[in-house]
Amino acid sequence: MINWRHTLLAGGAIILLANAVALGGAAWNRSGESESHLPLTQRELNARSGHDNSGMTLTLNWRFEQTSLDEYNFGMYSGHWGMPLWLDRAKLVALGFDVQALDRPGEYGRHRTAFEPKEALVVLELDGPAWQRHLQRAQEYVAETGKLLAVSPTNAEMQRKAKNAYENYKHEQDKGSRLFAIDAGLDLATLRATYPDRSRYAIVHGLIRPSSTRIKDKTVLGGFISDLHAEHINVPLRLRQVFEGGSPFEATVAFGQRLEPWLENAGKTGIVKEGKQ
Amino acid sequence: MQISKQSAQQRADQIRVFQNELAQLESEGVLALDVGQRLRVEEHHRKLLGLYAQDFDIDRDQRASQLSWGMRIASFFGALALSASVFFLFYQFWGWLTTGVQVAILIAAPLLMLGVTLFIQQRDTSGYFAKLAALVTFACFVLNISMLGQIFNITPSDKALLPWAALAFLLAYASDLRLLLVAGILCFVAYVAARVGTWSGMYWLSFGQRPENFFPAALLLLAVPQFVPHRRFADFPAMYRIFGLLTLFLPMLVMANWGNSSYLDWDADFIEGGYQVLGFVTTAFSVWGGVRRRWTEVVNTGVTFFVIFLYTKIFDWWWDVMPKYLFFLVLGLVAVLFLVVLKHLRKAGGQS
């Protein structure tokens, strides 16, 4: 066995060095001016704590414009499953995916490398044109279901659809998240030049998985945002009470040098506390 | 000469067997030591056993050996339970602590437990309590790094596996603890496989999707006992070889049945066939090499995987076309054939 003094020194060094690297990275992330900072509300942040876990975590409630809108992907059912409208063939090429391999019919098994997710930078937009367009589409969907109901006013299915569409539209207006993933790229400087407003556009690390669908002998390429690394944000003790009780709140989430988030300040609507530690 | 606990225990067992055999030989009238010889042998053995008992707390007899197995099992489950308790204790209360206190506790816990482990090691010759403390130290360190990631919203990284592996190896060698050696090996395998995966352009957490990512780690593990002497850690080379072979054969087995998971851009059937052949050749080679080098663990791992490769092949060929009684008869006959071959190998080994 190894001499106990050597073990103590080596073990202590491993523990302290690993902590120094982790804490140094976190400190560097929060140093200087943040890369972006978004003023979010309960619409974009879901607070969560568990029975056996006393810690509180905020989850970013982000969405994107869907390729198609139906009663299950907007309003209260809205989430970030499905394929973003903007994640098309040209974007996949820009992100470095091998679209030739994705195009080949019946080759999914043999060219799995082409379908593997890649790390990319994802742009999140707060309360911008994407949200407005989504709201507009939701309104159009309400109008569409209303027209169908007018044709068959006694049809129970049409009545249900029209009612759901209206309720979902109201939900979008009053409670739906206004945080939309609108673009992706590989270079931070290029993306920031395209989206310079740091209090409206946050850039975060994420994973993009391409997809290939055969529709009538034609291959349609798209993709999924399979993960956003900045999705979960820890709540420090002094801001915890802001998120308890379910009342409306305002919180500024900052994204630092490594694009990792933290809670800069938060408060019940009208009362905001500084949270940087 | 400095020896390990395993060597001391082995010698003590030899002495016990020798004493029994000597008594048997004397009762059968084959051999009778004179009083002087008997006293010298008894005195020598008494001194050796006393020394071993003092230094290593070895099992002097059968009863002690049975009890020590019980202690080993209790120590293992105790360590698992205490580690789980540490995790849940922190999770239960961390939300009510300020960030500074959280970080201080997370750093202090593994440092404190490391000190406790070494303190106990100085006083506990049996090693069970020190081993238990070493496992809790490792659990505290895993909690430490993973919770820092959660508190500061750090992007998950495979680099965390490196310090975990380093501390696990250090504690394994400091406490002569195989369980921590396994933990270190697993962290090391995951890190190397993740690195190999990222070199080919994949996200690090997807490394399991390409079984070939594990091959470099397997070769490195198999090389360790060849190049690093383990005189004082008699059990460790076997652990490296077992996990090296598992890291080699399991990915082969996956690709022998699912060729699409390979990096090779060839026909899936061809890849599967290739890995089936490679599986048979490498497992047979490991049995042959294990017999030659007298590495029991290599022989056992090789035989196990050879049988698995063979049975999956037999299943592919005959499950659908044969009546079930005939299929299982074939399996049984294959097992009998195996017994014959292994018996022959054992006989050949005995003669050599």
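**Exercise 1.** Leaving aside its neighbours within four places in sequence, which residues is Ala47(A) in contact with?

*Solution.* Before starting, note that this is a predicted model, in which local features need pLDDT of at least 70, side-chain atom pairs count only at pLDDT 80 or more, and totals for chains, interfaces and linings use all residues. Residues are numbered from 1 along each chain as its sequence is written, while chains are lettered from A and ligands numbered from 1 in the order in which they are written.

- Step 1: Find Ala47(A) in strand S2 (residues 45-49) of chain A. Helices (H or I, at least four residues) and strands (E, at least two) are DSSP runs, numbered from the N terminus.
- Step 2: Apply the contact rule: two residues are in contact if their C-beta atoms, placed from the backbone, lie within 7 Å.
- Step 3: Setting aside neighbours within four places in sequence, the partners of Ala47(A) are Met56(A), Leu58(A) and Phe243(A).
- Step 4: Look along the chain as well. Val235(A) is 188 residues away from Ala47(A), yet their C-alpha atoms are separated by 8.8 Å.
- Step 5: Ala47(A) counts as partly exposed because it has 19 C-beta neighbours inside 10 Å. The rule says buried for 20 or more other C-beta atoms within 10 Å, exposed for 12 or fewer, and partly exposed in between, with C-beta atoms placed from the backbone.

**Exercise 2.** Describe chain A as a whole.

*Solution.*

- Step 1: The secondary structure of chain A consists of seven helices and eleven strands.
- Step 2: Its C-alpha atoms fill a box of roughly 85 × 55 × 40 Å along the principal axes.
- Step 3: Chain A has 277 residues, and 36% of them count as buried.
- Step 4: Of the contacts in chain A with a separation of 6 or more, 67% are between residues 24 or more positions apart.

**Exercise 3.** Is Glu260(A) buried or exposed?

*Solution.*

- Step 1: Go to the loop between strand S9 (249-255) and strand S10 (261-268) of chain A, where Glu260(A) is found.
- Step 2: Glu260(A) is buried, because 24 other C-beta atoms lie within 10 Å.
- Step 3: Leaving aside neighbours within four places in sequence, Glu260(A) is in contact with Asn29(A) and Ala230(A) of chain A and with Asn153(B), Ile154(B) and Thr155(B) of chain B.
- Step 4: Arg30(A) is 230 residues from Glu260(A) in sequence, and the two are 8.5 Å apart, C-alpha to C-alpha.
- Step 5: Leu259(A) lies in the loop between S9 and S10 of chain A. Its phi is positive, about 65 degrees, although Leu259(A) is not a glycine.
- Step 6: One partner from Step 3, Asn153(B), sits in the loop between H5 and H6 of chain B. Asn153(B) has a positive phi too, near 50 degrees, and counts as buried because it has 24 C-beta neighbours inside 10 Å.

**Exercise 4.** How many residues does each chain give to the contact?

*Solution.*

- Step 1: Chain B gives 42 residues and chain A gives 43 residues.
- Step 2: On the chain B side, two or more residues come from each of helix H3 (62-93), helix H4 (99-123), helix H5 (128-151) and helix H6 (161-175).
- Step 3: H4(B) gives the most, with nine residues.
- Step 4: For confidence, the predictor gives the complex an ipTM of 0.86 and a pTM of 0.84. Chain B averages a pLDDT of 88, where pLDDT is the predictor's confidence in each residue, from 0 to 100.

**Exercise 5.** Examine helix H4 of chain B.

*Solution.*

- Step 1: The expected span of a helix is 1.5 Å times one less than its number of residues. The 25 residues of H4(B) should therefore span 36 Å, and its end C-alpha atoms are 36 Å apart, which agrees.
- Step 2: H4(B) has a kink of about 25 degrees at Ala108(B), shortly before the proline Pro110(B). The bend at a residue is the angle between axes fitted to the seven residues ending there and the seven starting there.
- Step 3: Buried residues of H4(B) include Leu106(B), Ile107(B), Pro110(B) and Met113(B).
- Step 4: What covers the buried residues of H4(B) includes helix H1 (4-30) of chain A, together with H5 and H6 of chain B.
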